Amino acid sequence: MSRIVVKVGTSTLTYANGSLNIRHIEKLVKVLSDLKNARNEIVLVSSGAIAMGIGKLGLAQRPKDMASKQAAAAVGQCELMYTYDRLFEAYNHIVAQVLLTGEDLNEASRRKNFENTMNRLLQMSAMPILNENDTMATDEISSIGDNDSLAALVSIAIHADLLILMSDIDGLYDSNPRVNPDAKLIPVVLEITDEIRSIAGGAGTPNGTGGMLTKLHAAELCMDHGIDMVILNGAFPDLLYDAIEHRTTGTRFPGRKDL
Ligand SMILES: Nc1ncnc2c1ncn2[C@@H]1O[C@H](COP(=O)(O)OP(=O)(O)O)[C@@H](O)[C@H]1O
Ligand SMILES: N[C@@H](CCC(=O)OP(=O)(O)O)C(=O)O
């Protein structure tokens, strides 16, 4: 049995107009349900609240000011959880919503409460679905919308074996493939060096927020705590089986083994 944190980005879950990408989310839920049936402990960190809120509120574009993004997230988070609840129910899995900020994990008593709740949910075979608490979030993680780092902090707090980031791209390339069509996928990164950081660019779409830089930050946090991290293409959730069974796929960042 493995304890696995899976983070799925906005660009995998929604189209640019904020509508749900039904094909992606249905496939993801199916694979996660199967992994749970195989006795893995799965924690899902899901972005997408702001985009879904924008879609539901009928806003013409992504708002720039913080309060409007927070309001959109509050609307979209309901829609997101409603969707997950319905889809997981079809496979007899129970979902639980957990909203938190980086601050919650920094402060000892709040962190303990988080760990206790997570452990109990997993014992009860429920599937915790986490997102940043966008209403309360200030800029402690970086800015609103860095679930990559949040997923890494969560993986550390609950002693996960593996963190998988599902993105809109196959993994880390040696330069941004949206700019350089000859860019090559890097299958394994053993250390986050300045050279590796220099090849990571920003988000690929208006809805994506972190780009590769926040994913490398997440990788560094995980590796330093002995946790493997893998970046995969969220359009192909079957790749989760490969990542868990250590078959080469996407980009793997092996956790330090000397801890
Ligand atoms: N070296 C790189 N390798 C791969 N992707 C890169 C690189 N540099 C920048 N990117 C961009 O990062 C994007 C993925 O991050 P992001 O848009 O935040 O999506 P997500 O919603 O999955 O977090 C890719 O679509 C790509 O445009
Ligand atoms: N918490 C926000 C943004 C999260 C975020 O990091 O976005 P992404 O870069 O798509 O993973 C939301 O749910 O919309």
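**Exercise 1. In strand 4, which residue is the bridge partner of Leu44?**

Start with the ground rules. This is a predicted model, where local features need pLDDT of at least 70, side-chain atom pairs count only at pLDDT 80 or more, and totals for chains, interfaces and linings use all residues. Residues are numbered from 1 along each chain as its sequence is written, while chains are lettered from A and ligands numbered from 1 in the order in which they are written.

Step 1: find the strands, which are DSSP runs of E with at least two residues, just as helices are runs of H or I with at least four, both numbered from the N terminus. Strand 2 covers residues 41-46, and strand 4 covers 127-132.

Step 2: check the pairing, which takes at least two DSSP bridges between two strands. Strands 2 and 4 run parallel and are joined by two bridges.

Step 3: read off the partner. Leu44 is matched with Ile129 in strand 4.

**Exercise 2. Work out which strand runs beside strand 2 with six bridges, and how covered strand 2 is.**

Step 1: strand 1 (residues 3-8) is linked to strand 2 by six bridges, and the two run parallel. Here Lys7 stands opposite Val45.

Step 2: apply the burial cut-offs: a residue is buried with 20 or more other C-beta atoms within 10 Å of its own, exposed with 12 or fewer, and partly exposed in between, with C-beta atoms placed from the backbone. In strand 2, six of six residues come out buried.

Step 3: split the strand by face. In a regular strand the side chains alternate between the two faces of the sheet. One side of strand 2 has Glu41, Val43 and Val45, the other has Ile42, Leu44 and Ser46, and all are buried.

**Exercise 3. Find where Asn92 and Ser125 sit, and say whether each is buried or exposed.**

Step 1: Asn92 lies in the loop between helix 4 (66-89) and strand 3 (95-100). Its phi is near 65°, positive even though this residue isn't glycine.

Step 2: count neighbours. Asn92 is exposed because it has 10 C-beta neighbours inside 10 Å.

Step 3: do the other one. Ser125 belongs to the loop between helix 6 (108-123) and strand 4 (127-132), and its phi is also positive, at about 65°. With 12 C-beta neighbours inside 10 Å, Ser125 counts as exposed too.

**Exercise 4. How many helices and strands does the protein have?**

Step 1: the tally is ten helices and seven strands.

Step 2: for the whole chain, 40% of the 259 residues count as buried.
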